[in-house]
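Here are some short exercises to work through with the model open in your viewer. Try each task yourself before you read the solution.

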Amino acid sequence: KYLDICGFFAKSSMEYAMIPREEYTYYIVDEQIYEKMCFPMQYSCRYVLGSLKALIEPYWNRMNKNYTFIDYCKLVEGSYRLRGGRFNVKQISKESSLPVYKTKFILADVAKSFMDINKKFVDFVSESNFLITPFICLPNRTYLFVDAHFTGISYYLIMQECLNKLGIKDLYFEQGHNLEKWLQDEMQQCGISYKTGSYPAKGGCQEGECDIVLENNGVYFLELKKQSVMREFNEVDDVPLWSALGRGMLHAQAQVFNHELYWRANKGITLNNGDFIAYDDNTSVYKFSICFSEYAFLSSKAFTRMLMSIMFTGEVNTYDANRQKELAKLHKDAERLKYNVQEQNALLGRTVADLNELISPVVFCSLQQILTAMWCMKSKTGFYEVLREWICRADANLDLYLLVLIKLAQKENPEINRVYSSMVEMAFKHKTPLTVIS
């Protein structure tokens, strides 16, 4: 992913001069002008295999495949060792350490005919499907292979489609819990303590369920959603895109704001398993919406601010009355967000909440980004350093992975990056966005 900031927009220099000092960084973030954007989403082999183990393996035997789950994972790993080009079955079998007959069975499930690729693609905004299959079957019994980092997630998507056709009861709900368990297990291996559980209605607040709660110089509420928006985004239709946001990431924020209201109103949260999330007037709350799939431009702080601003100050509607019902879930969550903020204002004795204060602690990210931060930093301290930077960094580079690389570089050269680290700590402490120009 990349994005170049080529300037800042303002009608006059006087406009800049009249901005109050405490509002300046927020203004800079909102006025950035972008030259180009590109979002080639990539998935690591470790993430794809983890996704298959968490979401597909528990139901594997119900699909009655001619190969085992282990066989399938071997082909996935083998494809990540391949470089783009044309391959025959024997070459793929050798790289995957599989018999030819098993490789043929798997390719019959995952490869698409070249005749079915990009049939609807006629211009830049048309639907494209060549990245949802790892191999493209050519007429001469060879397979065109692009790159597993771009197409690897299709190994999961194809098997998920097979499961969907079986009509398994509560499949989506169960897989959501499996995702949470995967993230929780990874946190345990990294030495990161967490709390999870549900709480009953109390003190005029609704009941709720916390996916993951972290406590480290603040309370971090993490809500994980399996709902993706990338199919809707690729179809270039804004109504299903907003509808998917309402079922996924924005719904997660409605839940997180409910957790915070409950936490403040009841001076803490007692979960059903006995865990207690302690309350303190001086403790900051950070709100993470985590999506299973890569989230492209939506993990940018600039876009996050825009989406949350719309939820708090406006609403989304469509001119087509017949499609208005598709946005019902989004409208419900927007009303829930506004209600929670009003109740918090009453608790804190203020008439109106500062919009910047509401939005600054909000982060949209993907599960792979969270896991990559853990896998790369390999420590609780390093992981929280990355989270803090994700919270306060607002330079619209869209690439949360870049910040992980920066933290790794800082570990190797602490003296060189001391000033930069101090800037991040200051921005985090004062809850203001940090825009790094150079």
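**Exercise 1. Find which residues Asp71 touches, leaving out those up to four places away in sequence, and work out whether Asp71 is buried or exposed.**

Keep in mind that this is a predicted model.

Step 1: Start with the location. Asp71 sits in helix H4.

Step 2: List the neighbours. Leaving aside residues up to four places away in sequence, Asp71 touches Leu98, Lys102 and Ile106.

Step 3: Look at the side chains. The one on Asp71 makes a polar contact with the side chain of Lys102, at 2.9 Å.

Step 4: Check the accessibility. Asp71 has a relative accessible area of 6%, and buried means under 20%, so Asp71 is buried.

**Exercise 2. Leu107 and Phe135 are 28 residues apart along the chain; find what separates their C-alpha atoms, and place Leu107 in its surroundings.**

Step 1: Leu107 belongs to helix H6.

Step 2: Set the ruler between the two C-alpha atoms: Leu107 and Phe135 are separated by 7.7 Å.

Step 3: Now look for touching atoms. Beyond residues up to four places away in sequence, Leu107 touches Val89, Ile92, Phe135 and Tyr143.

Step 4: With a relative accessible area of 2%, Leu107 is buried.

**Exercise 3. Do the same for Phe130 and Ile117, and decide how Phe130 is classed by accessibility.**

Step 1: Phe130 is in the loop between strand E4 (111–113) and strand E5 (135–137).

Step 2: Phe130 and Ile117 are 13 residues apart along the chain, and 5.6 Å separates their C-alpha atoms.

Step 3: Not counting residues up to four places away in sequence, the residues that Phe130 touches are Ile117, Asn118, Val146 and Thr151.

Step 4: The relative accessible area of Phe130 is 29%; that falls between the 20% limit for buried and the 50% limit for exposed, so Phe130 is partly exposed.

**Exercise 4. Look up the phi angles of Asn64 and Ser97 and say what is unusual about them.**

Step 1: Recall the background. Most residues other than glycine have a negative phi.

Step 2: Read off the angles. Asn64 has a positive phi, near 55 degrees, and Ser97, also not a glycine, has a positive phi of about 55 degrees.

Step 3: Place them. Asn64 is in the loop between helix H3 (45–56) and helix H4 (69–81), while Ser97 is in the loop between helix H5 (89–96) and helix H6 (100–110).

Step 4: Compare each with the 50% limit for exposed. Asn64 counts as exposed at 65% relative accessibility, and Ser97 counts as exposed at 54%.

**Exercise 5. How many of the 11 residues of helix H16 (residues 367–377) are buried, and what follows from that?**

Step 1: Go along the helix. The buried residues in H16 are Leu367, Gln368, Gln369, Ile370, Leu371, Thr372, Ala373, Met374, Trp375 and Met377.

Step 2: That makes 10 of the 11 residues, so H16 is largely enclosed by the rest of the structure.

Step 3: Step just past the helix. Lys378 follows H16, and its phi is positive, near 60 degrees.

**Exercise 6. Find where Asn266 is and what its side chain meets.**

Step 1: Asn266 is in the loop between helix H12 (249–265) and strand E10 (268–270).

Step 2: A polar atom of the Asn266 side chain lies 3.4 Å from the backbone oxygen of Lys202.

Step 3: Setting aside residues up to four places away in sequence, Asn266 touches Lys202, Gly203 and Cys205.

Step 4: Asn266 has a relative accessible area of 16%, which means it is buried.

**Exercise 7. Describe the second largest pocket: its volume and its lining.**

Step 1: The volume of this pocket is about 380 Å³.

Step 2: Its lining has 23 residues, and those closest to the centre are Glu260, Arg264, Glu357, Pro361 and Lys431.

Step 3: Sort the lining by class: 10 nonpolar, six polar and seven charged residues.

Step 4: Trace where the lining comes from. Elements that each supply at least two residues include H12, strand E12 (285–291) and helix H14 (328–348).

**Exercise 8. Zoom out and summarise the whole protein.**

Step 1: Count the elements: 19 helices and 13 strands.

Step 2: Of its 438 residues, 52% count as buried.

Step 3: The accessible surface is about 21600 Å², and carbon and sulfur atoms account for 53% of that.

Conventions. Residues are numbered from 1 along each chain as its sequence is written. This is a predicted model: local features need pLDDT of at least 70, side-chain atom pairs count only at pLDDT 80 or more; totals for chains, interfaces and linings use all residues. Side-chain values use heavy atoms; hydrogens and water are left out. Helices (H or I, at least four residues) and strands (E, at least two) are DSSP runs, numbered from the N terminus. Buried means under 20% relative accessible area, exposed over 50%, partly exposed in between (1.4 Å probe, protein chains only). A polar contact is a pair of N or O atoms within 3.5 Å; within protein, one must be able to donate a hydrogen and the other to accept it, and residues adjacent in sequence count only if both atoms are side-chain atoms. Contact means heavy atoms within 4.5 Å. On a 1 Å grid over the protein atoms alone, a cavity is a set of points where a 1.4 Å probe fits but cannot get out, and a pocket is an open set with protein on both sides within 12 Å along at least five of seven lines; lining residues have an atom within 4 Å of a point. Grid points are joined across faces, edges and corners, and a volume is the space filled by probe spheres set on the points. Ala, Val, Leu, Ile, Met, Phe, Trp, Tyr, Cys and Pro count as nonpolar, Asp, Glu, Lys and Arg as charged, and the others, Gly among them, as polar. Accessible areas come from the Shrake-Rupley method with a 1.4 Å probe; for residues, only the protein chains shown count as cover.
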